[in-house]
There are 2 protein chains.
Amino acid sequence: YEWRSQQRQQWNVRASIQAKQTFNPIRSIVDGIKICPNSSKEFISLSIGDPTVFGNLVTDGTVRAAIKEVVDSGNFDGYAPAIGYQTTRDAVAKYYSCPEAPLEAKDVIMTNGCSQAIDLAINVLANPGDNILIPKPGFSLYKTLALSAGIQIRHYNLLPERSWEVDLKHLESLVDGQTACIVINNPSNPCGSVFNHQHIRDILQIAEKKHVPILADEIYGDLVFPGEEFISVAQLSRSVPVLACGGLAKRWLVPGWRVGWILIHDRDGIMGSEIRDGLIRLSQKILGPSTIIQGALNHILNKPPESFFMNTINFIKSNADLCFDRLSSVPGLTPILPRGTMYMMVAIEMDKFPEFEDDVNFIQALVTEQSVFCLPAKCFEFNNYIRLVLTVPTPLMLQACQRLWDFCQKHYSSST
Amino acid sequence: YEWRSQQRQQWNVRASIQAKQTFNPIRSIVDGIKICPNSSKEFISLSIGDPTVFGNLVTDGTVRAAIKEVVDSGNFDGYAPAIGYQTTRDAVAKYYSCPEAPLEAKDVIMTNGCSQAIDLAINVLANPGDNILIPKPGFSLYKTLALSAGIQIRHYNLLPERSWEVDLKHLESLVDGQTACIVINNPSNPCGSVFNHQHIRDILQIAEKKHVPILADEIYGDLVFPGEEFISVAQLSRSVPVLACGGLAKRWLVPGWRVGWILIHDRDGIMGSEIRDGLIRLSQKILGPSTIIQGALNHILNKPPESFFMNTINFIKSNADLCFDRLSSVPGLTPILPRGTMYMMVAIEMDKFPEFEDDVNFIQALVTEQSVFCLPAKCFEFNNYIRLVLTVPTPLMLQACQRLWDFCQKHYSSST
Ligand SMILES: Cc1ncc(COP(=O)(O)O)c(C=O)c1O
Ligand SMILES: Cc1ncc(COP(=O)(O)O)c(C=O)c1O
């Protein structure tokens, strides 16, 4: 009768542990905020990292033309290899290759957006029970993906007072024998920071000393403001293996198209064939991103004129400057000027706003009174900051700054 | 010094257990076959389930037009919800809804091909250590995905002598309290079989008795030959929860585009909100399929004329009949007439071919002598069969049959 007892006696269909431990921390925080905008004021959302929302930033005509050509050709309807077409991987390799960090097609894995690139990179490097080091404040997906797979996370601090550089001592102190990788997000969401040579070298030195590979999320790599320089981690690495994740989402203004990639940098062959092979295996589960976009990728990368990219950057930079300027004079707020990406962090002197417990409270009141919504830093595991999205049309951006001024003016209390 | 010992003293970057246990069994078998075609004969591959390979089957003009319109509009470049646009899910729900199994947008999860649909469905239902029941012979991805996630597989037999119906007793005997789902692939790859009402009812009865949900892989649901009827599992289910997986790949002839879906059928609310919620959570890891195709999906589903679909089906059916006819007279081979899909299974009387140990050996010699390649049933965990792909241009198809005739004529040994 033992056998009988093993049978299910009634329906009991439950979601798996994996499903239950997969969650987006932003969702639970945002869902906790009651969004009841002031009906007398137009709602302005500065919350979503999607540059296409307002229609002012659109991809280049050459990009659309390339897709249409591919669709018409009929040559890209069949299955591609799970890691992507050879020609597509070749195009990505050529585009990102540089003398210090050369790439070939074999070093490229095409993915369903940068999100899947990060997912594959984490899952090829880490086992359940291992840990990965992730930035704080930082993009929430790292945590989502790690916890989904039963991988532990350890947050290393970024220092706002040092332009959001990594607290190197803290980083180093977190590494142990179970550390599968260090996630570096440069340029950073939410900070808008861009690391300089020396700082990347310092990070690499820790990785080298501790023998830990780096997962470099460089999705904002080409969104740095004039005068700033983006240096990829791989460019400065001598031996530390780097999996660099990127994609079309931001620079090409097509996040919905879902095309990304992993660039494998392993000059000393430390990862050997095992990690490459592991990535190929994992990619076979869902067979790569859409062939329509893969087929057009060479053109997408190379056809848009430099002016297209510069327009986006100049627009964001100009919004950043305007915003920084306006918010600098707002009582109780301290904006931090970004060097790239499409975000700006703004510190709140919480003790000057005794009505509000934390940044989530602050945002809740802001949206209710002023119909302006942006993310509290809690969404990035940080406190007492808010993150503004800078891709919004300038008049709206200024309107939002004005309302922030009104709001802070009203609630600021200098007596405390 | 304990602390010190926990640190890595040298580089040791290994692929994760998950990566190592993720593999495509077809690959290892096919890689084991030395493909050295006879250089005096044109190579004919009847091995890949991609209807676009030979260029004779192409998607409809309305499908291409719909994509181009979406690309031009610029309205579908931004992020969609991870489970897909509401309008897209609405279109899929409408297309597959029927009185016996009604669907709404909330019952649809958009995925990166049917492959990801199956991946999400398995992973929302099963925990590591659970088991899922999969058909034998059957499509290899179920095993790949299950083993990748540490989920066990149990093969239930399909009976060639009963038109590849499920061995119901065997199926039932495999269920225990750890059985997370029964995977039903109807119409079947590789068998080309289509289940009738009664058989689906019989399967459902077991699922009901044992309280096990069904994962219905119905990617070939609309590829059934004239006179045959496709009945989806959900249509006949009264209470058994069904996750039905499908996609654009086969019927619309665009497997590379990577768009699929899960249809959630749970009329008695047995899965409650937990499974839906779990699927939503899991979908957030890679944020759904490309918006370009999602935006066009309503048109893709509804614009192609009936003749487009009928042309494909009639073409495959005509190839199936021709092939069946030719191969029926080949000594040592017994083709089984398919009722749908794009495959035909052909039995080999192995004892008539004493030179060859098994179907893999047989194929190895076939490709070497006759430059015809198709998959040995071992790729589907079966023996002594080969699977032919029927989407090949008819002259090539006939050529392949002729060469199979020559090959078997030469190696057939009636004395044994
Ligand atoms: C830092 C960072 N990495 C990765 C991603 C995901 O990119 P994708 O849309 O290509 O998946 C985002 C998206 O906002 C991001 O901010
Ligand atoms: C039975 C079966 N299910 C699922 C799939 C995968 O479909 P997709 O290409 O949409 O991922 C295939 C592909 O051949 C198949 O044969």
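The contact between the two chains takes 84 residues from chain A and 84 residues from chain B. The model is predicted. The size of an interface is often given as the accessible area lost when the parts come together. Here, chain A and chain B bury about 7000 Å² between them. Carbon and sulfur atoms account for 52% of that buried area.

Polar and charged pairings were then examined. Between chain A and chain B, 63 residue pairs are in polar contact, with both residues at pLDDT 80 or more. The count of salt bridges between chain A and chain B is 8. One salt bridge joins the side chains of Arg64(B) and Asp77(A), at 2.8 Å from N to O.

Several elements of chain A contribute to the side that touches chain B. Those giving two or more residues include the helices α2 (17-20), α4 (61-73), α6 (113-125) and α7 (141-148) of chain A. Further along chain A, β6 (179-185), α9 (197-210), α11 (272-283) and α12 (291-302) also give two or more residues. The largest share of this side comes from α6(A), with 6 residues. By residue class, the side of chain A that touches chain B divides into 37 nonpolar, 29 polar and 18 charged residues.

Two ligands were examined at this interface. Ligand 1 lies between chains A and B. It is surrounded by 15 residues. The closest are Cys114(A), Ser115(A), Asp217(A), Tyr220(A) and Tyr79(B). The list of closest residues thus draws on both chains, with Tyr79 coming from chain B.

Specific atoms of ligand 1 pair with chain A. A polar backbone atom of Cys114(A) is 2.7 Å from an oxygen atom of ligand 1. An N or O atom in the side chain of Ser115(A) is 2.6 Å from an oxygen atom of ligand 1. Asp217(A) approaches a nitrogen atom of the ligand instead: a polar side-chain atom of Asp217(A) lies 2.6 Å from a nitrogen atom of ligand 1. Taken alone, ligand 1 exposes 400 Å², and the protein buries 96% of that area.

The shell around ligand 1 was also sorted by element and by class. Helix α6(A) gives the most to this shell, with 4 residues. This helix also supplies the largest share of the side of chain A that touches chain B. The shell residues around ligand 1 divide into 8 nonpolar, 4 polar and 3 charged.

Ligand 2 also lies between chains A and B. Around ligand 2 there are 15 residues. Tyr79(A), Cys114(B), Ser115(B), Asp217(B) and Tyr220(B) come nearest. Here Tyr79 is from chain A, and the other four named residues are from chain B.

Both chains make polar pairings with ligand 2. From chain A, a polar side-chain atom of Tyr79(A) lies 2.5 Å from an oxygen atom of ligand 2. From chain B, an N or O atom in the side chain of Ser115(B) is 2.6 Å from an oxygen atom of ligand 2. The side chain of Asp217(B) places an N or O atom 2.6 Å from a nitrogen atom of ligand 2. On its own, ligand 2 has 400 Å² of accessible area, of which the protein covers 96%.

Helix α6 (residues 113-125) of chain B gives the most to the shell around ligand 2, with 4 residues. The residues of this shell comprise 8 nonpolar, 4 polar and 3 charged.

Technical notes
Residues are numbered from 1 along each chain as its sequence is written. Chains are lettered from A and ligands numbered from 1 in the order in which they are written. This is a predicted model: local features need pLDDT of at least 70, side-chain atom pairs count only at pLDDT 80 or more; totals for chains, interfaces and linings use all residues. Side-chain values use heavy atoms; hydrogens and water are left out. A residue is near a molecule or strand if one of its heavy atoms lies within 4 Å of it. A polar contact is a pair of N or O atoms within 3.5 Å; within protein, one must be able to donate a hydrogen and the other to accept it, and residues adjacent in sequence count only if both atoms are side-chain atoms. Accessible areas come from the Shrake-Rupley method with a 1.4 Å probe; for residues, only the protein chains shown count as cover. Ala, Val, Leu, Ile, Met, Phe, Trp, Tyr, Cys and Pro count as nonpolar, Asp, Glu, Lys and Arg as charged, and the others, Gly among them, as polar. Contact means heavy atoms within 4.5 Å. Buried area is the accessible area (1.4 Å probe) that two parts lose on being put together, summed over both. A salt bridge is a side-chain nitrogen of Lys or Arg within 4 Å of a carboxyl oxygen of Asp or Glu.
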